Amino acid sequence: MEGLTRAEVTASRREHGANRVTARKRRGFLPRLLANFGDPMIKILLIAMAINLLFLFNTADWVETAGIAAAVLLAVGISTASEMGSEAAFRKLQEEASRLRCRVRRREGAAEIPAEEVVVGDLMLLQAGDRVPADGMMLKGELDIDQSALNGETKEAHKTVNNGHIAANSEQPKDEKNLSDPRRVFSGTVVCGGEGTARVTAVGDSAVYGQLAGEVQEEKSASPLKVRLGGLAKTISRFGYAGAALAAFAYLFNVLVIANGFRPSDIFGALTDPAHIAEKLLHAATLAVTVIVVAVPEGLPMMITVVLSSNMRRMLRDNVLVRKPVGIETAGSLNILFTDKTGTLTRGKLQVTGFIDALGNEYTPVSAVYGSPLWHDLHRALVYNNGAVMSRGKPVGGNATDRVLLAFSALRPVEHRLTIGKTVPFNSERKTMSAEVSGEFSGTLLKGAPETVLPRCAGADRFAIEKTMTRWQKEGGRLIAVAEGRRLLGVFCVRDDVRPEAASGVRQLQDAGIQVVMITGDAKATAEAIARRVGLLGKDALALTSAELAGMSDEEVRAAIPRLRVVARALPGDKSRLVRIAQQSGLVTGMTGDGVNDAPALKRADVGFAMGSGTEVAKEAGDIVILDDNLLSITKAVRYGRTVFKSIRKFIIFQLTLNFSALGLSVAAPFIGVETPITVIQMLWINMVMDTLAGLAFGGEQALFEYMREPPKARAEPIINRYMWREITLGALYTVALCLWFLKSPVTAELFGEASFMTAFFALFMYTGIFTGLTARTHKFNLFDRLAGNKPFLSIMGLVAAAQTAMIYFGGAAFRTAGLSLYQLTFVLFLSSTAIAAHLIRTIIYDRRGALTGT
């Protein structure tokens, strides 16, 4: 069998390309950083900062400007770093490929060359331990290949030549990427046993491994949180601009119309006085700008950063490592989770799970066989008729079945005096392996498929044995019969067993309203058996094979997704396709994975969960790493994600109630003769203290199990729901009404007098905001519900109150404050606390109407 000449190698490389993955042109850190300044919320913050610099320059209020700048840079920097991190997944793939060397036969003879130099048409010489450098067609020999890097399955694939040989120019099947094709080998897989020769059919980008690498380079879609914040930014900007216009109009109406007693002549005189009108217009513009600045919750990006960071530390204690912070919130919004079977629902490695002897006696647990009289003979048959050997306490060599049986026998060793003679290795046609031995036992040791071994044995209870074997096969087990001569010793069941906590994890996700779909390379019957054991297959549940999926259009798949629970014989491209279609259907999509084959889908999904025991490529592509490979840890990630989203929503209730109150007062107060109820400096002080410190207070909310009983949020659901709008609107209206009453009430005018009246008003507004923070925490009647779980809340809000109290007494003329007596301060606190009473009344009304929904 001759290989390519040097000229043919050159021509092939020119036609089909080199055996390397082409890196797409990527944006660097700076272009990505600049692009992220286009985020809608960031744009509003930048406008607010520009306005501060232009209009408020004379106030020298650099604290507010610096605060906005810090919030912008922090939010943009984290977002950019997260995007750049995904590039590492592709670099990992390239690094692994560049280190690989392989043996090929060319016209001048066999040679070892770098994998990148392999071309289409080369003859690959493969043996145990080799990593396959390119896709190819078997020409000679037999191979057992570990394809888990591509399909995630522990079962090795047997590769051979169809009908003894295939000519080099034979017609290839249409599906060159079918991993189950026994004639094809694929790049990235590992040869576990046998020897063979394969002709290269695809290299680089055209190979299966190359296509996976290409998909890893795809851009990730915007996260649900980013989409929702974009909608919030538009809403806030509309309210801010409308409020600014109203505030400016109200101020000008007051100073030009009301102040002149509605007399046309005086109004005309004021309008025609250039100096007077210029002064008033400048003040109106400054007021409008200030309203816009106050309307923007500039502490929100910083608050989100803080809440994500603090929850990252907590999640690490629960074996959940967050690589990309936005993945936390996205996990809480999951609608559908596509999960690997191997390593997530199952243990990820083969184990001996059952044994039945020749009389049909089943040993439960399987370790009970160690204490039986049969064990001495069984141990001999397992050790001396085995392609694997023990090395440093671990089985090496042979196929997966050899290794698992040898490891099982090593747990209870027995001394033997035997000499091994002729051996016949396992063959897919014979379906058996045998060894001739002499010594304490002389004869043939036989191991293999029960349908081949049992007919050769005498004295076995075939009926009882086959009954048990049928049950094991339905549960996804692989069966191996062991015999000495014509004496059947028994039948072992080997399988990648279901993890004890898998069923509980699936149930918790389903209770949280998340659809779980298992994707596996196993046969459909095996996949369905495992799906039943973990609680996935219920009434009307749908199980499809990769071939059935390939025969369906995207529209047909989209219609089938609500019922889909299992995809069997899955190919790498199936995962990415399912994720794409689910996202197009408006579903927030999650994917679990541990292999190179999972990397594209992990990156494409809204949130990718990589397993801690998986490949570095998978971890780099994922957003979250599950350190213990446990599905229950994914449920914890979902719970933390929902907590983060609720914390953000609570902060928004608090912040927008305060902002809309300030906006409402700026518009309404001039109509009752109060030109500037809150000064520009006071507004900026409110903005700075409330936005930043209060944001920290809401960042430590406890992750409650009750959140897992709520349905997930739809991708398109606005960040502000009906309950929030109601709380924001009614809370702001109450605050505005209370403040307007204070401004016009003779009671307050007499109590505070002219000297401290506006000081008291400023204190009233601030303290009302602080009490609003307490009511925004929970929709329940008990305002202190679960407050112990967020210990920083009271201390931070206490710090806000202390800062405000200090400002009352030490703010001076700049903040229009002159101090209050103890009695006056107590009265202001009492008035402010009525915001709590108003909230409790609303809560009772909502509860009686069945409308107490919360965030």
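Visitor: Let me start with a detail: which residue in E20 does Met518 stand opposite?

Guide: Met518 stands opposite Val566 in E20. Before going on, keep in mind that this is a predicted model. Now the general idea: strands of a sheet pair through backbone hydrogen bonds, either parallel or antiparallel. In this case E18 and strand E20, residues 564-568, run parallel and are joined by 2 bridges.

Visitor: And what does E18 pair with in the parallel sense over 5 bridges?

Guide: That's strand E9, residues 336-340, which pairs with strand E18, residues 515-519. You can follow the register residue by residue: Ile336 has Gln515 as its bridge partner in E18, and Leu337 has Val516.

Visitor: What sheet do these strands belong to, and in which order do they come?

Guide: It's an open sheet of 8 strands, and reading across gives E8-E23-E22-E21-E9-E18-E20-E19, with mixed pairing. At the edges you'll find strand E8 (320-322) and strand E19 (542-545), each pairing on one side only. On average, neighbouring strands here are turned by 20° against each other, ignoring direction.

Visitor: Back to E18. How do I read its two faces, and which residues sit on each side?

Guide: The general idea is that side chains in a regular strand alternate between the two faces of the sheet. In E18, Gln515, Val517 and Ile519 are on one side, Val516 and Met518 are on the other, and all are buried, so both faces are covered. With 5 of its 5 residues buried, E18 is largely enclosed by the rest of the structure.

Visitor: There's another open sheet, with antiparallel pairing. What is its strand order?

Guide: That one has 6 strands, in the order E10-E17-E16-E15-E14-E13. Strand E10 (351-357) and strand E13 (418-424) are at the edges with a single partner strand each, so one side of each has no neighbour in the sheet. The average turn between neighbouring strands of this sheet is 20°, direction ignored. For a pair to inspect, take strand E14 (residues 432-439) and strand E15 (residues 443-448): they're antiparallel over 6 bridges, and Met433 has Lys447 as its bridge partner in E15.

Visitor: Which helix lies across that sheet, and at what angle does it run to E17?

Guide: Helix H14 (residues 375-384) does, running at about 65° to E17. H14 lies across E10, E13, E14, E15, strand E16 (478-484) and strand E17 (487-495).

Visitor: Is H14 enclosed or open, judging by how many of its residues are buried?

Guide: Enclosed, largely: 8 of the 10 residues of H14 are buried, so the rest of the structure surrounds most of it. As background, an α-helix has 3.6 residues a turn, so residues three or four places apart point the same way. The buried residues of H14 are Trp375, Asp377, Leu378, His379, Arg380, Ala381, Leu382 and Tyr384.

Visitor: What about the loop between E10 and H14; which residue has its place there?

Guide: Pro365 does. The peptide bond from Thr364 to Pro365 is cis, with omega near -5°.

Visitor: Where should I look for positive phi in a residue that isn't glycine?

Guide: Try Asp540, where phi is near 65°. Asp540 is in the loop between helix H19 (524-533) and E19. With a relative accessible area of 54%, Asp540 is exposed, because the cut-off for that is over 50%. Arg816 also has a positive phi, about 55°. Arg816 lies in the loop between helix H29 (791-810) and H30, and is partly exposed at 27% relative accessible area.

Visitor: On to H30, then. What does Ile836 touch, leaving out its sequence neighbours up to four places away?

Guide: Ile836 touches Phe771, Leu774, Thr775 and Leu783. Ile836 lies in helix H30 (residues 822-849) and counts as buried at 16% relative accessibility. Compare the separations for one of those contacts: Ile836 and Phe771 are 65 residues apart in sequence, yet their C-alpha atoms are 6.5 Å apart.

Visitor: How many disulfides does a search of the whole structure find?

Guide: The search finds 0. Cys493 counts as buried at 1% relative accessibility, and Cys739 does too, at 0%.

Visitor: To finish, how many helices and strands are there in the protein?

Guide: There are 30 helices and 23 strands. Of the 855 residues, 56% are buried. Among contacts between residues at least 6 apart in sequence, 73% join residues at least 24 apart.

Definitions and conventions
Residues numbered from 1 in each chain as written. Predicted model: local features only at pLDDT ≥ 70, side-chain atom pairs only at ≥ 80, totals over all residues. Heavy atoms only, no water. Pairing = 2+ DSSP bridges. Helix = DSSP H or I, 4+ residues; strand = E, 2+ residues; numbered from the N terminus. Axes fitted to C-alpha atoms, helices over the stretch in contact; angles between N-to-C directions. Buried < 20%, exposed > 50% of the residue type's maximum accessible area, 1.4 Å probe, protein only. Contact = heavy atoms within 4.5 Å. Disulfide = S-S within 2.5 Å.
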